[in-house]
Amino acid sequence: MKELDYKLLRALDAVLQEQNFERAARSLHITQSAISQRIKQLEQQFAEPLLIRSQPLQATPLGQKLLTHYRQVHQLELELAGELAPAEPQGPIRISIAVNADSLATWFLPAIAPLLEQHPIELNLLVDDENRTLDKVREGQAFGAVSLHAQPLAGCCVDQLGEMHYLLTASPAFVARHFPHGLTREALAKAPAVAFDQRDDMHISFMREHFGLEPGGYPCHTVRSSEAFVAMAEQGLAYCLIPELQIREQLAAATLVNLSPPHRLTECLYWHRWVLEKGLHKLLSQRLIDQGRAQLPPR
């Protein structure tokens, strides 16, 4: 294997992080010409492109492998620097985590809040659908991810957190307006729903399994915010699948109602992270595992 030049790998990482050669050069305090030369040297060393000059800029498969390795090593270096020179003031450690919007709106932030208060952590949260968060770990963008997938990636480990239960909900006013004769397939085909995005597998599979409705067979807003789901449902603008954990108060106060008590969707969540973890990364992992299991029912 060719010996890795971490100065060159750092340049590749900066270009992809900044999505711009000029900004990447400024972040490394070098010229734009110098950073372009470093990328060229790295590509010449491996005799193939490592960067796809598109919008947005992307790494090639080999470039992605090199980036994942570099970011793992960089994480360990930051942790080691704090251990070797604990008396010297250290800047915050940047920790990137991929998390689904529903976890972020419910149990995730309370779980890590004590660590953020006690330690110099600069958090970078990458919010995506729980089916796709693991891609951020695979690509080296995040050290860990909350995901639906039980199988760990190479070089990673995984722990089960617990189950999140989803209910199909709406406001009483919405029910009176759109479902006066009950939750029929015909009424659902006309009433506006809400999905996280066009690839919201949970909403699609729920509507297909329980009501025989396919995507495009009913009006559906796209809103990439769990908090907005609740707001739209409470204001009578749509019906949607919402985590029961997020709307316990609304259900108790009857500002939201469960449209279909016989049916609920259950997803099991897992915490994935790089095997090479120590220090704050390890503390954060253990906190997420402990608090996730405390808040989410076991499978």
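Here are legends for a few close-up views of this predicted model.

**View 1. Thr-133, tucked away in helix α7.** Let's start with a single residue. Thr-133 sits in helix α7, which covers residues 133-138. Its relative accessibility is 0%, so Thr-133 counts as buried, the cut-off being under 20%. Look for the side chain of Thr-133 reaching the backbone oxygen of Val-146, at 2.6 Å. Not counting neighbours within four places in sequence, Thr-133 also touches other residues, including Ala-98, Asn-100, Asp-128 and Ser-147.

**View 2. The largest pocket and its lining.** This pocket holds about 1100 Å³ of space. It is lined by 38 residues, and those closest to its centre are Asp-13, Gln-17, Tyr-70, Arg-71 and Arg-94. Several elements give two or more residues to the lining, among them α1 (6-18), β3 (93-99) and β4 (121-127). Helix α4 gives the most, with nine residues. Sort the lining by type and you get 17 nonpolar, 13 polar and eight charged residues.

**View 3. The largest nonpolar core.** In soluble globular proteins, nonpolar side chains tend to be buried together. Here the largest core has 50 residues, and Trp-107, Tyr-239, Trp-271 and Leu-284 have the most contacts inside it. Strand β6 (residues 156-170) gives the most to this core, with six residues. Apart from this core lies another one, of 23 residues, including Ala-14 and Leu-67.

**View 4. Zooming in on Trp-107.** Which residues does Trp-107 contact, leaving aside its neighbours within four places in sequence? Val-146, Leu-161, Met-164, Leu-245 and Gln-295 are among them. Val-146 may ring a bell: its backbone oxygen is what the side chain of Thr-133 reaches.

Conventions. Residues numbered from 1 in each chain as written. Predicted model: local features only at pLDDT ≥ 70, side-chain atom pairs only at ≥ 80, totals over all residues. Heavy atoms only, no water. Helix = DSSP H or I, 4+ residues; strand = E, 2+ residues; numbered from the N terminus. Buried < 20%, exposed > 50% of the residue type's maximum accessible area, 1.4 Å probe, protein only. Polar contact = N/O pair within 3.5 Å; in protein donor to acceptor, adjacent residues only side chain to side chain. Contact = heavy atoms within 4.5 Å. 1 Å grid on protein atoms, 1.4 Å probe; cavity = no way out; pocket = protein on both sides within 12 Å on 5 of 7 lines; lining within 4 Å. Points joined across faces, edges and corners; volume = space filled by probe spheres on them. Nonpolar A, V, L, I, M, F, W, Y, C, P; charged D, E, K, R; others polar. Core = buried A, V, L, I, M, F, W, Y, C linked by side-chain atoms within 4.5 Å.
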